[in-house]
Amino acid sequence: MVPGEESILSNLRRGALEYCVLALLQSGSRYGLDIARTLTRDGILMSGEGTLYPLLARLRKSGLVQTTWQESTAGPPRRYYVLTDDGEHALAAFTRAWHPFRDAVDATLEQEAGPT
């Protein structure tokens, strides 16, 4: 059985999504819906918001993000997420591993797509 595009994307997301969240928090704190909107914008990184909040809870429990509640002028208080030092270190480690991995995948795909 040949996997479909959605199945492939699901597998790719599983390994990278948490680091995408950490990367979004590098520039400062954000609340969950803001993170979700950014990640679902193109439908590639995340297809819906359902997976984000459990992921944010795991990141918080593992000490990679911290949360604070802040009042909102547009409704109830919002939980804001901010990167911790451990989160910064985890993101740096992922980035160091990601670039050579991405390059190796690209090189392999380009080799396979080339003339035989």
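Where does UniProt place the feature "domain: Transcription regulator PadR N-terminal"? The record, an unreviewed entry, puts it at residues 21–92. Keep in mind that this is a predicted model.

**View 1. The annotated stretch, residues 21–92.** Here's the part that carries the UniProt label. Over residues 21–92, helix makes up 43% of the chain and strand 26%. The C-alpha atoms at the two ends of that stretch sit 13 Å apart.

**View 2. Helix H1 against helix H2.** H1 covers residues 5–24, and it packs on H2 at an angle of about 120°, with 11 Å between the axes. That angle makes H1 oblique to H2. The crossing of H1 past H2 is right-handed. On the H1 side, look for Leu17, Cys20, Val21 and Leu24; they meet Ile35, Thr38 and Leu39 of H2. Sorted by class, this contact has six nonpolar residues, one polar residue and no charged ones.

**View 3. Helix H2 against helix H3.** Now follow H2 (residues 32–40) over to H3 (residues 52–61): the two pack at about 120°, with their axes 11 Å apart. H2 and H3 are therefore oblique to each other. H2 goes past H3 in a right-handed crossing. H2 brings Gly32, Leu33, Ile35, Ala36 and Leu39 to this contact, while H3 brings Leu52, Tyr53 and Leu56. By class, that's seven nonpolar residues, one polar and no charged. Ile35 and Leu39 may look familiar: these H2 residues meet H1 and also meet H3.

**View 4. An open sheet of three strands.** The strand order is S1-S3-S2, and the pairing is antiparallel. S1 (30–31) and S2 (65–72) stand at the edges with a single partner strand each, so one side of each has no neighbour in the sheet. Zoom in on S1 and S3 (residues 75–83) and you'll find two bridges joining these antiparallel strands. One residue to pick out is Arg30, whose bridge partner in S3 is Tyr81.

**View 5. Helix H3 on the sheet.** H3 packs on the sheet, where it touches S2 and S3. The direction of H3 makes about 120° with that of S2. So what else does H3 pack with, at an angle of about 120°? That would be H2, the helix from View 3.

Methods. Residues are numbered from 1 along each chain as its sequence is written. This is a predicted model: local features need pLDDT of at least 70, side-chain atom pairs count only at pLDDT 80 or more; totals for chains, interfaces and linings use all residues. Side-chain values use heavy atoms; hydrogens and water are left out. Axes are lines fitted to C-alpha atoms, for helices over the stretch in contact, and angles run from 0 to 180 degrees between N-to-C directions. Helices (H or I, at least four residues) and strands (E, at least two) are DSSP runs, numbered from the N terminus. Angles under 35 degrees count as roughly parallel, over 145 as roughly antiparallel, 65 to 115 as roughly perpendicular and the rest as oblique. A crossing is left-handed if the near helix is turned anticlockwise from the far one by less than a right angle, and right-handed if clockwise. Contact means heavy atoms within 4.5 Å. Ala, Val, Leu, Ile, Met, Phe, Trp, Tyr, Cys and Pro count as nonpolar, Asp, Glu, Lys and Arg as charged, and the others, Gly among them, as polar. UniProt positions are given in the numbering used here, feature names are shortened, and annotations may be inferred rather than shown by experiment. Two strands pair if DSSP finds at least two bridges between them.
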